[in-house]
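Trainee: Before I take this picture to my group, I would like to go through how each term in it is justified. Could we start with the contacts of a single residue?

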There are 2 protein chains.
Amino acid sequence: MEWFYVTPIAGLAAVGLASYLYKYVTGRDSGTERMREIAGAIKEGAKAYLRRQNLTLAFFVVVMATVLGVLYSFYALREGDPLGVYHGVSMAVAYIFGSVCTTAAAYVGMMAAVEANVRTANAARQGLKKAFPVAFYGGAVMGLFIVGLALLGISILYYIFNVVLGWTEIKASKIVLGFSFGASALALFAKAGGGIYTKTADISADLVGKVELGIPEDDPRNPAVIADNVGDNVGDVAGMGADLVDSYIASIAAAMLIGAEIGKPSLTILPLIIAAMGLFAAMLGAFIVKLSIRGNPGAALNRGSFATWISFAAFLLIVMYFSGLCDNWLGVFLPTVAGLIAGVIIGVTSDYFTSIDRSPAQKVARASTTGAAINILTGFSYGVVSIVPPIIGICAATLAAWRLSSAFGVDPFYGIAISAVGMLATVGMTISADAYGPVSDNAKGIAEQSGLGEEVIEIADKLDAAGNTTKAITKGFAIGAAALTVLALFGAYAHLVDITTLDLMKPEVVAGIFIGGMMPPLLSALLILAVGRNAERMVEEVRRQFREIPGLMEGKARPDYAKCVDIATKGALKELMLPCLLAIIMPIITLIALGKEALAGFLAGSIVTGIIFALFMANAGGLWDNAKKYIEAGAHGGKGSEAHKAAVTGDTVGDPFKDTAGPSLNTMITVMSLVAEVFAPLIILFFVF
Amino acid sequence: MEWFYVTPIAGLAAVGLASYLYKYVTGRDSGTERMREIAGAIKEGAKAYLRRQNLTLAFFVVVMATVLGVLYSFYALREGDPLGVYHGVSMAVAYIFGSVCTTAAAYVGMMAAVEANVRTANAARQGLKKAFPVAFYGGAVMGLFIVGLALLGISILYYIFNVVLGWTEIKASKIVLGFSFGASALALFAKAGGGIYTKTADISADLVGKVELGIPEDDPRNPAVIADNVGDNVGDVAGMGADLVDSYIASIAAAMLIGAEIGKPSLTILPLIIAAMGLFAAMLGAFIVKLSIRGNPGAALNRGSFATWISFAAFLLIVMYFSGLCDNWLGVFLPTVAGLIAGVIIGVTSDYFTSIDRSPAQKVARASTTGAAINILTGFSYGVVSIVPPIIGICAATLAAWRLSSAFGVDPFYGIAISAVGMLATVGMTISADAYGPVSDNAKGIAEQSGLGEEVIEIADKLDAAGNTTKAITKGFAIGAAALTVLALFGAYAHLVDITTLDLMKPEVVAGIFIGGMMPPLLSALLILAVGRNAERMVEEVRRQFREIPGLMEGKARPDYAKCVDIATKGALKELMLPCLLAIIMPIITLIALGKEALAGFLAGSIVTGIIFALFMANAGGLWDNAKKYIEAGAHGGKGSEAHKAAVTGDTVGDPFKDTAGPSLNTMITVMSLVAEVFAPLIILFFVF
């Protein structure tokens, strides 16, 4: 058990390092008056959005916690547990704690990003080498703080319930599951809401600004421009951070629960220790990034990532070998490494299919010369083809984890769960590198809006471009890990409701598979329609401002930025409700209407289409984006050519694919699995099947 | 057994009626010199394509038949059957017979359509009431001939093997399965090849003609125009006919096999008798269409369809009640009717989501006013949302069929199979109404090319528009029926390889589900990329002709139509190979690499994503098409407006969705299920799992 303490230590260390980096970032100079003004507006908008989002979601969290608390109290009472209410309250508290941790981390991370934006832009005036650390540390605050807080939260909960209160491993792990459910449900709302927000603002700003009026991107005359910048922060930073960390927590919770059910206390805490090793490796990786910045920020980020992966494997090997936590340690170590390798492979192939230097993006660019339709068809098709390597990677990881753990006498479901933990353990570094992207993107925006000159903008551009490869790898990791996590959760569900085999020939199971399979595409479609509707409202407002505010077009008057921020905020919060609530309600409806085996089918169906759509949407979106950038770099007539116009259409189609719908899907399938796990025992008891 | 003879009688009657209608159509006047010339070119092109396609596929059929023959011979010998080789040869012959029947029927049907095109155009000069029967009968030849021939083929095979040679019901049903595999494999090639052909020509003709040179659609100066017309025939008539009939045969084969395995001879022939009733009802329906034409061809088609459905239910009730073929006849009758009702519901909701008069298409049209990107996002999203009602319909039909048959003591898998037969029994009418569409579309093209004047074109337009609702309903039927058929085949497969329950927790099954789920989207993407590549070649040729043939643009010289036909033909035959062979090989690879349970998972995965993608692609394509037509009818600025341009982009994206990829998917999943069924016992024997 003494090894357990490594987990809160890692969590505390990460939170501490994040605080130090936050201070470092905010200690930099924030530039000219104009820069501070713009940054202030972005900060205001982002804060306003998060405040309103948190207020809206607080209501939902309280309702959900009450439902959980009441149901679990009854459940425990009926099971003959005299402390039933106590159990119910604990579950509700864990749920709220999970929501609050995620919210707090996203808030802090986003604030760090917002502070880093303007300071990166300012540092870029002194060159790339000065600007890069500011942008990277800005992102790293998010990465380290959110992961550290998650690990700290889980270990505190587990310590209180298992060590202090003396609950069994299984019961304490279920409390961790409640924490995970809180984190995931919140992540789904944050990702969906942030995704709608960012694309609403982006599309509206582009449609009126670039297309109708012909003014450049990030032009301060455009009333939607601040909303667009806010969107990059709430969507890409806060949303993506919440998204990755939710899979992280879920994979740990699933592995702990399976470990507890096997009946070995050491296997219950092992996932936490693996995660702690990953977090130490991530901190080391961040240090390597800092050390290796020499003109090429992309190479530094990659070096940091590889250093993280390798040192994680090394730390793990040492701990597993010397700790004696697991007799057959190879049966845990090998699946973990298999997960890590699969994650890297999935990331690298994602990068191939979306990278600007590779054949698919260039073929999409060439297709643009025959018009927007062929551009879209080609991007769509290569996006779909790109799912092949990651899906084979996921299958290989599943098979490898299963067989390697069985071979060494470890429960194979534990093997799969631990392989997911392995894929996600280094997520602290992944999120840091990922959050770096929007920080440098925003720095570029601020540099343009405050007229810092071509040279500074070019440096900001270089910073921005470096984020792309990492971004593709991150998405691959996120989706692959979600697949393994959900498989582990699926196994935990089946165990929980006593399904040993599932009869694929039963009509209820078939119906469950179809309905579950339908959910991810349906959610995507609803989110995209939400973006469309919301953008329509905002486009009207932007047009109105240009029409009614005298002198706006001439740059003599200020637009009403706040109005646009307000429309995006209200719209996003209104529109996210239906798809997110469907994700929570549909598993419950399936369970009540068709039974527990139908729900297992539902989960299986949703995993398959969820992964397929998540991969296809992320990669197709990336492809279209880079095809456009390839043309903008001079191919096929460059900016302003017919091919460029076609490519811009493709990019606009891809925007909500890759930034709204796609990233919400892996969270959605995690949430649906957790709903099944958390509610199934209760509902089965009350509806008596 | 005497009831069995109703089947060949129905088949013969349908073939006879088709011949009569063929004579009726060819007996009409084929119009002016110019019209005959154009029609001749289309006929030549269509014949040339089919000849080359058949030649290419003949090679494939022979190879496949040899493989089947050899494997089945060995299998039977090893099973201790002294007549092993005899068994193998029978299987090979049944396979070839199935391919030949489908090919012959598609050929005859297409020739009838080609003959009907020009005669419909000519009859339109005397008014709508004269033209409609020609177009409808032209389509009905296809519908009745292909269904009649299929039923005749199955009953002859079954008669020879069961009655004459005295084979058991199970063995004779397996021969029917061989026939079905031949028909489906050929249908897949025909549909994919025809789909690539038609969209290659369509997109090329539009891109160079309409977009680059600004000449109207179907302008005789365009070198691709004949290829485009040929494409409507080979893709929409021959391809769609082959597609629907393959599900029809597969559902009958699956039901017969399950019936035989239950061990009741009457249940083995019952699917044939149900199909015969459906065919009689279809002939009656065709007659009703003829009777009820009074100015509104759409209403006449609908009346005919409803008459078919109702009389089918009535015939079936009478036969089931009086024949005594089944003690618990309600257990067969009710699932059949449930299938029929589900088919109608699926069709009607498909119609809602694609119809020009309904909210989705109009919303897509409105979205076009904010540009092509929003048009595409909106169409994509509503296309995805449109899968919800049919999927719920399929689930309801599955549950209803299962429970209704169990309730009356009939084997529930037989109930599902028979419900698929019920959905498809009236397919003679469905194909007739569906083939009517391209006939009237082509008649319009011929009228335009031969300058028959506004009035005639308007009549042709009305004929064309009437086909749209029927087309949507047909597609709904085809996909719903394919789902049930494949479920029945899945059950038959599981029975065949002795899987009673499938462990969704095994990694092989999980891998199978993922790989199977990946196949339908992958096939779609490959087909769409094929269209793009092929269109690129053809666009170059069309541009070359305009550049190099002097006087072409002025209408003084004739373009080289044949060259374009040739490019489309060669390209389509080359490009269809990879995706189609993947569909045949991947189930076998999965079986060999991961075992029989993985293959069951593979099939389950492919059914779910296959149905989802088939529905989404068909409906999104229909939506974009009708949104464009809605704008062309005058909304949002009408033809030539910015909204119209955006809508044209959407329509071009939708074209290969709805006419190439979407319709191939249901055939693909049927083929994959049949491959599993036909090859699994052999491979399991040889690789000894």
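Trainee: Leaving aside its neighbours within four places in sequence, which residues is Ala10(A) in contact with?

Mentor: Ala10(A) is in contact with Leu151(A), Ala276(A), Leu279(A) and Phe280(A), where contact requires that the C-beta atoms of the two residues, placed from the backbone, lie within 7 Å. Please keep in mind that this is a predicted model, in which local features need pLDDT of at least 70 and side-chain atom pairs count only at pLDDT 80 or more, whereas totals for chains, interfaces and linings use all residues. Residues are numbered from 1 along each chain as its sequence is written, and chains are lettered from A, with ligands numbered from 1, in the order in which they are written.

Trainee: Why is Ala10(A) called buried?

Mentor: A residue is buried if 20 or more other C-beta atoms lie within 10 Å of its own, exposed if 12 or fewer, and partly exposed in between. Ala10(A), which is found in helix H1 of chain A, has 27 C-beta neighbours inside 10 Å and therefore counts as buried.

Trainee: What makes His636(A) partly exposed, and what is unusual about its phi?

Mentor: His636(A) is partly exposed because it has 19 other C-beta atoms within 10 Å. Its phi is near 50°, a positive value in a residue other than glycine, and the residue lies in the loop between helix H19 (596-632) and helix H20 (642-687) of chain A. As background, most residues other than glycine have a negative phi. In chain B, His636(B) has a positive phi of about 50° as well.

Trainee: How do you know that the two chains are related as by a two-fold rotation axis?

Mentor: Chain B can be laid on chain A by a turn of 180° and a shift of 0.0 Å along the axis, with an RMSD of 0.0 Å, the superposition being a least-squares fit on the C-alpha atoms of residues with pLDDT of at least 70 in both. The two copies are therefore related as by a two-fold rotation axis. In chain B, the C-alpha nearest that axis belongs to Leu502(B), at 2.9 Å, and 98% of the contact residues of chain B recur in chain A.

Trainee: How many residues does each chain bring to the contact, and which element gives the most on the side of chain B?

Mentor: The contact takes 58 residues from chain B and 57 residues from chain A. On the side of chain B that touches chain A, H16(B) gives the most, with 16 residues, and the residues of that side divide into 43 nonpolar, 14 polar and one charged. Here Ala, Val, Leu, Ile, Met, Phe, Trp, Tyr, Cys and Pro count as nonpolar, Asp, Glu, Lys and Arg as charged, and the others, Gly among them, as polar.

Trainee: What makes helix H9 of chain A close to the expected span?

Mentor: The expected span is 1.5 Å times one less than the number of residues. H9(A), residues 330-354, has 25 residues and reaches 36 Å from its first C-alpha to its last, close to the 36 Å expected. Of those 25 residues, 19 are buried, and H9(A) is thus mostly covered.

Trainee: How confident is the predictor in chain A and in the complex?

Mentor: On the pLDDT scale, the predictor's confidence in each residue from 0 to 100, chain A has a mean of 88, with 99% of its residues at 70 or more. The complex is given an ipTM of 0.90 and a pTM of 0.92.

Conventions:
Helix = DSSP H or I, 4+ residues; strand = E, 2+ residues; numbered from the N terminus.
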